[in-house]
Amino acid sequence: MMQVLLKKFFLYILTLFVIGSLNFCLMRLMPGDAMVHLLGEEGYAYLSGKGVDALEELKTEFGMDGSLIKQYCLHLKKTIAGDWGYSYHFGRPVSGIVFERLLWTLLLLFPAVILGTVLGGWIGALSGWRSRTRFEKFLPLAFLCLYAVPGYCLSLLLLTAAAHIRGFPVGGVLTAGGSYWSILHHMALPLFVLTLHGTAYKYMIMRNAVRQELDAPYVLTALARGLTGRRVLFGHILKNTLPAYISVVALNIGFMAGGTLLVEVVFSWQGMGTLLYQAVLSRDYPLLSGALMVLCLSVLAANLTADFFYSVSDPRIREGDHAA
Amino acid sequence: MQPEKRIRQTTCVFAFLLTGTLLGCAFLSDMNPEPIYTPLMIPDYNHLLGTDNSGRDILALMIQSAWISLSIGLGSAFLAVFTGASVGCIAGYFRSPVDDLLMRLTDVVLLVPTLPLIIVLSAYLGPGVIHAALVIALTAWPATARVIYAHVLKLREEPFVINAKSMGAGSIYLMFRHILPNCRELLLAKAALTIAGAMLAEAGISFLGLGDPVHPTWGSMLHDAFVGAALINGCWWWILPPVLCISGSVGLFNVAGHFLSGATASTTPADTPETFSSADCCNQADTPVSSLLSIRNLCICFSGSEVPALPVVDKLDLDVSAGEKVAVIGATGSGKSLLLLALLGLLPAGAKVSGSIFIEGKNLSAYSASALRRHRGIFAGYVPQGLGNALNPVLTVGFQVAERNRVHRGFDRTGALKAALSSLSAVGLPNPDKRISDYPHHLSGGMKQRVLLAEALSVTPPLILADEPTKGLDHSAAAEIMELIKGLNTETVLAVTHDLIFARALGGRILVMLAGVVVEEAPADSFFRSPLHPYSRALIAAQPSRGMKEIAGFHISGIMRDVSGCPYRQECLIANRQCEIRPPLRFFQGHKIRCWHDVS
């Protein structure tokens with residue numbers, strides 16, 4: 001089991017390394033002045049306004065006078081040390097901004113993933129178990145349609161349908177002087193949209209997984225024991241489908257994160273989504289790279305957690321024995 | 001419908017729809033969406049969808065955008081699927097070290113959150129239709145690569161590939177002529193899903209304002225609407241069309257993908273074996289016999305493709321009194337196992353049952369759901385085959401053996417485990433106190449069979465229903481299981497088996513089934529000494545101890561599955577015209593046989 005986890009961990013480190021290197025390549029090798037990429041458009045304009053000396057000083061600080069390899073090493077060193085550059089748009093170091101904003105995104109993403117996983121898994125399992133009834137044949141189609149509507153489109157529809165949904169603010173994180181309740185109040189609509197969308201996908205995964213298990217001999221054995229359908233489904237079948245379900249859900253977190261970013265923009269939620277939006281508008285390149293890095297980090301952390309859960313939940317994997 | 005046909009039809013429909021849309025859009029995009037009208041007009045007769053804040057006609061804009069959105073989606077999906085297929089194919093075909101390198105790369109790209117990466121890349125590259133397509137393709141290929149890789153790994157061991165290789169086919173030739181064509185269904189399904197994903201991604205980045213301002217797409221329409229404060233002004237006609245277009249097209253390609261990959265296609269629905277479909281119980285007039293178990297005129301058939309549906313079990317009568325041992329023998333597909341499931345009320349849904357089953361004089365079809373569960377749990381102990389996953393792979397042996405007592409006898413955890421321990425040692429499982437916390441994959445086939453037996457016996461049910469208890473076990477393990485079942489003195493045993501040695505050792509009565517029909521019923525001693533029905537004779541003669549003589553007709557292919565005549569008439573050496581009519585079950589020399597002829 002440790003070996004499997006270590007292998008995965010190595011893969012995650014490799015992924016971070018690739019993203020770090022990608023950032024370097026984008027900054028130095030893309031057409032245009034590398035200094036613009038390193039400082040962002042605003043920063044470049046501001047510094048060149050101050051005179052040539054300031055720019056020259058920074059060039060030596062970034063190691064621009066050395067070879068590409070030397071620059072690359074310096075870049076990696078800085079990345080690991082958490083020095084991800086300075087955002088002139090916000091007037092603060094990038095790492096500070098991104099971690100602050102990440103918290104707000106996680107505040108939305110984390111409950112959405114948990115709620116979607118539980119709800120989708122629950123409805124999907126029941127629907128897979130009763131896949132014969134007419135209603136259960138209609139339900140997958142309904143969820144498939146729901147899944148096709150991107151989160152931000154769903155939000156826009158919601159907001160258009162009821163231009164002022166009574167009692168719910170249409171944007172922002174909290175009203176001035178608001179308490180924790182105010183945050184919850186503002187969270188409600190975006191969280192609803194994200195959960196709904198996440199549930200649709202997980203429903204389909206779980207439903208198919210349960211349907212595939214129905215023909216397994218152990219289901220017949222369990223039924224022949226005189227157990228209730230509920231007990232067979234939740235005590236026997238679910239225990240078998242859960243590990244694979246969790247790993248699919250984990251891989252989906254990256255996709256969910258992308259959806260969250262767009263929904264944030266619609267509701268002007270002050271998280272990574274709006275940050276990326278502002279960074280794109282102001283061409284704040286260091287901020288863009290930092291945001292990508294931190295999003296990657298959080299998605300990988302989620303995957304690592306899921307891997308751990310996966311490997312302890314199935315006795316065959318826990319003991320490193322893949323034979324059925 | 002055949003999968004081949006289904007795929008071809010869907011593909012045709014989609015190709016047609018797509019070409020139509022593209023041509024239509026290209027033709028219609030001549031309509032000038034330039035700002036020449038009053039801004040923010042509500043839809044009316046002249047402007048079916050109204051105008052936006054710079055006075056462009058939204059319908060015209062939407063059609064122009066369709067062309068670009070679809071092109072980006074199709075273009076990047078084509079690139080992504082092509083790259084993914086090549087990578088998957090090369091990695092799967094060449095294996096290590098190319099395999100390791102390419103698949104690690106795939107894993108890495110698969111792990112990076114797609115949308116942020118696309119946003120960052122397109123922020124550096126700048127707007128442009130080609131740029132967008134390239135960036136999306138760059139992040140979309142790994143999903144295809146993974147699937148194709150897994151498929152190629154299977155394909156490369158197939159005989160036709162090895163055959164082609166042995167004839168000197170080169171690697172490139174093999175990949176493009178033999179391997180990739182065999183992935184085409186998979187590729188088609190993946191392509192549809194990739195198009196959906198690509199259109200979704202394009203709409204996403206355009207919505208953020210990273211789209212090409214010269215070439216509007218549905219996403220950038222939404223961006224304009226959002227930035228233009230359409231929400232606050234309540235301009236629903238500006239928001240609705242692009243939202244519907246994006247969702248509609250993504251949904252369409254998603255459904256196509258799922259349909260092609262057969263994820264939602266229900267050709268043979270796996271049904272819950274929950275319902276005992278008690279169809280017309282025609283023979284209610286039959287007085288219940290006071291024996292433990294009596295079956296009257298039991299017919300089971302499946303409403304399926306065959307018209308009219310042929311019965312799998314046909315007009316079966318059986319009485320079993322308490323303490324009796326009955327072995328049902330016959331070839332695969334003779335309906336033996338279904339008989340056991342019918343006794344548990346666990347026939348697969350879709351099975352049509354007529355006739356009646358009386359348990360201690362009570363009709364099974366009159367049982368309530370909870371009574372039926374009690375019947376399964378406490379009255380009839382079902383022993384499935386130990387082969388395969390008859391035990392749940394993720395639950396401990398102890399938990400599974402204890403479950404009956406916990407559910408039906410209300411034992412607590414420790415009490416049930418104690419009972420499980422004693423029944424496990426009763427069936428002679430070595431080290432039961434250690435084994436109780438083991439998982440099924442730790443056990444050998446013989447041990448699993450013992451556990452299953454212990455599980456059924458744990459509540460000391462009066463009736464044991466065993467489904468081929470010696471199948472797949474080696475000689476000594478089978479002999480031990482045989483001894484265990486033979487040693488059950490008070491329990492009534494109804495066992496279904498191929499194993500003639502086991503049937504003989506069980507003693508009691510033998511029931512021979514052929515194509516759902518009982519052809520002979522006799523005491524075991526007399527049956528093995530002198531089987532009477534021609535089919536029974538063939539069966540006995542084919543035993544290894546009898547020299548494995550191949551008597552004509554021991555082939556399942558020659559068995560007639562119809563309701564009119566004797567099922568054995570085609571292979572039978574003594575069959576004549578009379579056998580076209582099904583013989584009744586009649587007494588002859590102490591046996592019950594279903595044959596017109598007085599064989600002896």
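**Exercise 1.** In this predicted model, determine which residues of S7(B) point one way and which the other way, and whether they are buried or exposed.

*Solution.* Step 1: locate the element. Strand S7 of chain B covers residues 463-467.

Step 2: assign the directions. B:Leu463, B:Leu465 and B:Asp467 point one way from the strand, while B:Ile464 and B:Ala466 point the other way. In a regular strand, side chains alternate between the two faces of the sheet.

Step 3: apply the burial criterion, which requires 20 or more other C-beta atoms within 10 Å of the residue's own. Five of the five residues of S7(B) are buried, so the strand is mostly covered. The buried set includes B:Asp467.

**Exercise 2.** Identify the strands of chain B that pair with S7(B), and give the sense of each pairing.

*Solution.* Step 1: consider strand S6 of chain B, residues 380-383. S6(B) pairs with S7(B) in the parallel sense, over four bridges. Within this pairing, B:Ala380 has B:Leu463 as its bridge partner.

Step 2: consider strand S8 of chain B, residues 492-497. S8(B) and S7(B) are also parallel, with five bridges between them. Here B:Leu463 stands opposite B:Thr492.

Step 3: trace the connection. From S7(B) the chain passes through helix H18 of chain B, residues 475-486, to reach S8(B); this β-α-β crossover is right-handed.

**Exercise 3.** Describe the overall make-up of chain A: how many helices and strands does the chain have, and what share of its residues is buried?

*Solution.* Step 1: count the elements. Chain A contains 13 helices and two strands.

Step 2: state the extent. The C-alpha trace of chain A spans about 85 × 55 × 35 Å along its principal axes.

Step 3: state burial and contacts. Of the 324 residues in chain A, 44% are buried. Among contacts with a separation of 6 or more, 76% join residues 24 or more positions apart.

**Exercise 4.** Characterise the side of domain 1 of chain A that touches domain 2 of chain A.

*Solution.* Step 1: set the bounds. The domain assignment of chain A places domain 1 at 15-93 and domain 2 at 94-323. Their C-alpha centres lie 36 Å apart.

Step 2: count the contacting residues. From domain 1 of chain A, 19 residues are in contact with 17 residues of domain 2 of chain A.

Step 3: name the contributing elements. Helix H1 (2-29), helix H2 (34-50), strand S1 (86-87) and strand S2 (92-93) of chain A each supply at least two residues of this side of domain 1.

Step 4: classify the residues. This side of domain 1 of chain A comprises eight nonpolar, eight polar and three charged residues.

Methods: Residues are numbered from 1 along each chain as its sequence is written. Chains are lettered from A and ligands numbered from 1 in the order in which they are written. This is a predicted model: local features need pLDDT of at least 70, side-chain atom pairs count only at pLDDT 80 or more; totals for chains, interfaces and linings use all residues. A residue is buried if 20 or more other C-beta atoms lie within 10 Å of its own, exposed if 12 or fewer, and partly exposed in between; C-beta atoms are placed from the backbone. Two strands pair if DSSP finds at least two bridges between them. A crossover is right-handed if, with the strands pointing away from the viewer, the path from the first strand over the helix to the second runs clockwise. Two residues are in contact if their C-beta atoms, placed from the backbone, lie within 7 Å. Domain bounds come from an automatic or database domain assignment. Ala, Val, Leu, Ile, Met, Phe, Trp, Tyr, Cys and Pro count as nonpolar, Asp, Glu, Lys and Arg as charged, and the others, Gly among them, as polar.
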